[in-house]
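Please go through the briefing below with the sequence and the model side by side. It starts from the nonpolar interior and then turns to ring pairs, single residues and whole-chain values.

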Amino acid sequence: CAQIETTSWRAPEIFGKIATKGDISREEMFGVFNMGLGMIGIAGQADAYQAIFELNQMGFQTYTVGSIIRCSGEQKVLLV
């Protein structure tokens with residue numbers, strides 16, 4: 001499962017307005033809009049710092065937003 005730390009970045013305010021006006025659940029907002037993150041890449045722990053360094057060197061803003069964990073059940077993404 002992907003465990004996403006939802007406080008590790010600041011989502012643009014527009015997403016809060018969309019959620020309120022559309023009466024859209026938190027889970028649906030993350031699933032549909034990705035809450036402003038754009039693309040998410042996954043790297044092993046041994047490679048993560050190098051990947052972040054290189055992306056930053058290319059001008060990309062990066063965040064460490066979570067981890068891959070072992071979990072049971074059908075839920076594939078855990079929002080914490």
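**Core, ring pairs and overall layout**

The largest nonpolar core consists of eleven residues, namely A2, I4, W9, F15, A19, M29, F30, M35, L37, V65 and L79. At least two residues of this core come from each of β1, α1 and α2. The model is a predicted one, and its chain holds three helices and three strands, which follow one another along the sequence in the pattern β-α-α-α-β-β.

**Aromatic pairs**

- How many aromatic pairs does a search of the whole structure find? The search returns two such pairs.
- W9 and F30 make up an edge-to-face pair, with 6.0 Å from centre to centre and 85 degrees between the planes; the angle qualifies as edge-to-face because it is over 60 degrees.
- This pair links distant parts of the chain, since W9 sits in the loop between β1 (2-4) and α1 (13-22) while F30 belongs to helix α2 (residues 26-33), 21 residues apart.
- W9 counts as buried at 9% relative accessibility, and F30 is likewise buried, with a relative accessible area of 15%.
- F15 and F33 form a tilted aromatic pair, for which the centres are 5.8 Å apart and the planes enclose 45 degrees.
- Because F15 lies in helix α1 and F33 in helix α2, the pair ties together parts of the chain that are 18 residues apart in sequence.
- Are F15 and F33 buried or exposed? F15 is buried, with a relative accessible area of 13%, whereas F33, at 33% relative accessibility, counts as partly exposed.
- F33 is therefore not eligible for a nonpolar core, because its 33% relative accessibility makes it partly exposed and such a core is a set of buried residues.

**Core residues and their contacts**

- Leaving aside residues up to four places away in sequence, I4 touches W9, V65, G66, V77, L78, L79 and V80; W9, V65 and L79 from this list are also members of the largest nonpolar core.
- V65 has its place in the loop between α3 (45-57) and β2 (66-68), and with a relative accessible area of 9% this residue is buried.
- Which residues does V65 touch, not counting those up to four places away in sequence? The contacts of V65 are Q3, I4, E5, S8, W9 and L37.
- One of these partners, Q3, is 62 residues from V65 along the chain, yet the C-alpha atoms of the two are separated by 8.3 Å.

**Positive phi angles in two loops**

- D23, found in the loop between α1 and α2, has a phi near 50 degrees, which is a positive value in a residue other than glycine.
- M35, which lies in the loop between α2 and α3, also has a phi near 50 degrees, again a positive value in a residue other than glycine.
- Where do D23 and M35 stand in terms of accessibility, buried or exposed? D23 is exposed, with a relative accessible area of 72%, whereas M35 counts as buried at 11% relative accessibility, and M35 is listed among the residues of the largest nonpolar core.

**A wide separation**

- I14 is found in helix α1 and is partly exposed, with a relative accessible area of 47%.
- The C-alpha atoms of I14 and I68 are separated by 28 Å, and the two residues are 54 residues apart along the chain.

**Whole-chain values**

- Along its principal axes, the C-alpha trace of the chain spans about 40 × 35 × 15 Å.
- Of the 80 residues that make up the chain, 15% count as buried.
- When contacts in the chain between residues at least 6 apart in sequence are considered, 72% of them join residues at least 24 apart.
- The chain has an accessible surface of about 6,500 Å², and 55% of this area belongs to carbon and sulfur atoms.
- The chain carries 6 positive and 8 negative charges, and the mean positions of these two sets are 6 Å apart.

How values were computed: Residues numbered from 1 in each chain as written. Predicted model: local features only at pLDDT ≥ 70, side-chain atom pairs only at ≥ 80, totals over all residues. Heavy atoms only, no water. Phe/Tyr/Trp six-rings, centres within 6.5 Å; stacked < 30°, edge-to-face > 60°. Helix = DSSP H or I, 4+ residues; strand = E, 2+ residues; numbered from the N terminus. Buried < 20%, exposed > 50% of the residue type's maximum accessible area, 1.4 Å probe, protein only. Core = buried A, V, L, I, M, F, W, Y, C linked by side-chain atoms within 4.5 Å. Contact = heavy atoms within 4.5 Å. Areas by Shrake-Rupley, 256 points an atom, 1.4 Å probe, with all protein chains shown as cover. Lys, Arg positive; Asp, Glu negative; His and termini not counted. Charge placed at Lys NZ, Arg CZ, Asp CG, Glu CD.
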